[in-house]
Structure formats: C-alpha cells, structure tokens
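Welcome, and please have your viewer ready. We will begin with the overall picture and then go through a few selections together.

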Amino acid sequence: MNKVFLALAALAMYFYSCAPARQSTQSTVSFSNKVIAHRGAFKNTGVPENSIASLKAAIALGCGGTEFDIHMTSDEVLVVNHDHDFMGMHIEQSTYKQLLAKRMKNGEKIPTLEAYLKEGYSQKKTVMVAEIKTSKVSKERSLRLATKVVELVRSLNGQAQTAYIAFDYDVCKKVRALEPKAPVQYLNGDASPEKLKADRLDADYHFSVFQKNKNWIKTAKTLGVKTNAWTVNDEQVMDDFLAQGIDFITTNEPEILLKKLGK
Ligand code: MG
C-alpha cells in the first residue's frame, strides 16, 4: 500500500515538474521612469524625429523609454520612420537601396531597425518602445513585420530592453503570442481595460480616450493593465494623468515631464 502511494506521489511530482510554467504577464522589462520620448527627443533638440540623433538625445535626457516607428521596405529591410513615405518615397514600395537616395536634414540616412536597436541597447536606462506600423499593403505584411521585429530583437538579445506598441490589434496579439513576457501596448483606444486584460495587453491610448473614459486609468490599475497616454505636451494634462496614477506618458516635451517628476 505504502509503495503504491509512494509510486503515485512520485508520478504526480514528475508530471507537475514537466508541466509548462504558467504564463505570466509579469514583464521582464523595467522602466526607470514614466517618461516616454515620442519619436526620440526631437522637438527641443532640433534633430529630426526618429533619427539616431533623436534616440541619443532621449537617452541623454534619461527618459524611461523612447518611442519609434517601424516599416518594412519592398525587399524586407526594417527601417525607422514615422510616415509611410520617406521624403516622398513610399517605403513599402521602395527597396532599402532606393531609400538611401535621400537624407534627413541632419545628414542621416533612414535608420535601419538593426542600427537603431543596437544604438539603444548600448545602454540600460532607456527602454526601446517599438511601434510596429500597420501595412498599407496587407494584414499579412503587418503580421510578417511584427514577427521580423520580434526576431531581430531576440537576435540582438534585447528582450529586457524592448516594449512593443501597435494600432493593429492582431499585431498586438501576434507579438503577445511570440513574446509572453514583453510589454505589448495597444494604441487604437477602442478596447476596454477588461478586454485588454483578457488578451494580456496594455493600453497606450490617445489622451482624449482617457479624458472621455474617466475611470479607465483607475480600472486598468485594478486589473493590472498598464496605461500610457499619447501625445501629451500640455502641462495641465500631464498633471491630471499623473494625479490619476498613469504608468507612462508619451510626449514631445520629455524635458518638461522629467523636470516635473524631479528627474
Ligand atoms: Mg509612433
């Protein structure tokens, strides 16, 4: 009897030890403060947005995170730029080589995501907040871009220094599936904190969404869903969200927000 019991106990312990670890939403990325520089720190530094120079400026300021936008060229090179076109050339319909014909006003070429991430990963204080842009060509292309971004981050060992944001809900879910512990924030503002909780996503919404849905920051906090508002450049709006305990504020004025937070 004793032997049977012991054998069963051993078997139970064996299966328990083999069970997959329960997926946790506990992120492995830690932010040093609430300030997310929008497209790098460009406004008060005079450098182009989404340039390596704007990234360096955000890092030099000590921002908790620095946001940037990612597209994929026709020959599948990942590049950093806000609009779907770079100096009049449509990124998804141009090869990377074609895009090199133009330069930013500070002389930089369009940054590859690889160069941008390598620069970001050369330090530890500022988290890289990677926006995966929605393809104008197809949903498949958006999802393919998401996969390629995650693969590149992994290949550079950048998981602990990278958060993901996207307007396309399916892209957010794709990244969540690929990276169970990465911060993944949905941008489009039309999902309640409860829905985000169910899909293990966070909220990075236009500030007007939080102004309209006055209980969402509080509700999200109760649910363990992180909140981020974009793009907040007005001091009163910053103060209001800080008083509500928002987790992050994305801003073109990181200098003002850092000062407000005593950083
Ligand atoms: Mg963006």
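## The whole chain

Of the 263 residues of the protein chain, 49% count as buried. Keep in mind as you look around that this is a predicted model. Show the chain as a cartoon and you can pick out eleven helices and eleven strands. Aligned to the principal axes, the C-alpha atoms fill a box of roughly 80 × 45 × 35 Å. Now switch on the surface: the accessible area comes to about 13,000 Å², and carbon and sulfur atoms account for 55% of that. If you draw contacts between residues at least 6 apart in sequence, 59% of them join residues at least 24 apart.

## The magnesium ion

Next, select the magnesium ion. Which residues coordinate the magnesium ion? Show Glu67 (OE), Asp69 (OD) and Glu131 (OE) as sticks, and you will find them at 2.0 to 2.1 Å. Along the chain, these donors follow the spacing E-x1-D-x61-E. Colour by strand to see that Asp69 sits in β2 (residues 65-72) and Glu131 in β6 (residues 127-132), a pair 62 residues apart that links distant parts of the chain. Both Asp69 and Glu131 are buried.

## Two packed helices

Finally, select α5 (residues 139-155) and α6 (residues 169-178), which pack at an angle of about 35 degrees with their axes 9 Å apart. The crossing of α5 past α6 is right-handed. Add side chains: on the α5 side, the contact includes Leu143, Ala146 and Val150, and on the α6 side, Val171, Val175 and Leu178 are among the residues met. The residues of this contact divide into six nonpolar, two polar and four charged.

Conventions
Residues numbered from 1 in each chain as written. Predicted model: local features only at pLDDT ≥ 70, side-chain atom pairs only at ≥ 80, totals over all residues. Heavy atoms only, no water. Axes fitted to C-alpha atoms, helices over the stretch in contact; angles between N-to-C directions. Helix = DSSP H or I, 4+ residues; strand = E, 2+ residues; numbered from the N terminus. Left-handed = near helix turned anticlockwise from the far one by under 90°. Contact = heavy atoms within 4.5 Å. Nonpolar A, V, L, I, M, F, W, Y, C, P; charged D, E, K, R; others polar. Donors = N, O, S within 2.8 Å, 3.2 Å for Na, K, Ca; no water. Buried < 20%, exposed > 50% of the residue type's maximum accessible area, 1.4 Å probe, protein only. Areas by Shrake-Rupley, 256 points an atom, 1.4 Å probe, with all protein chains shown as cover.
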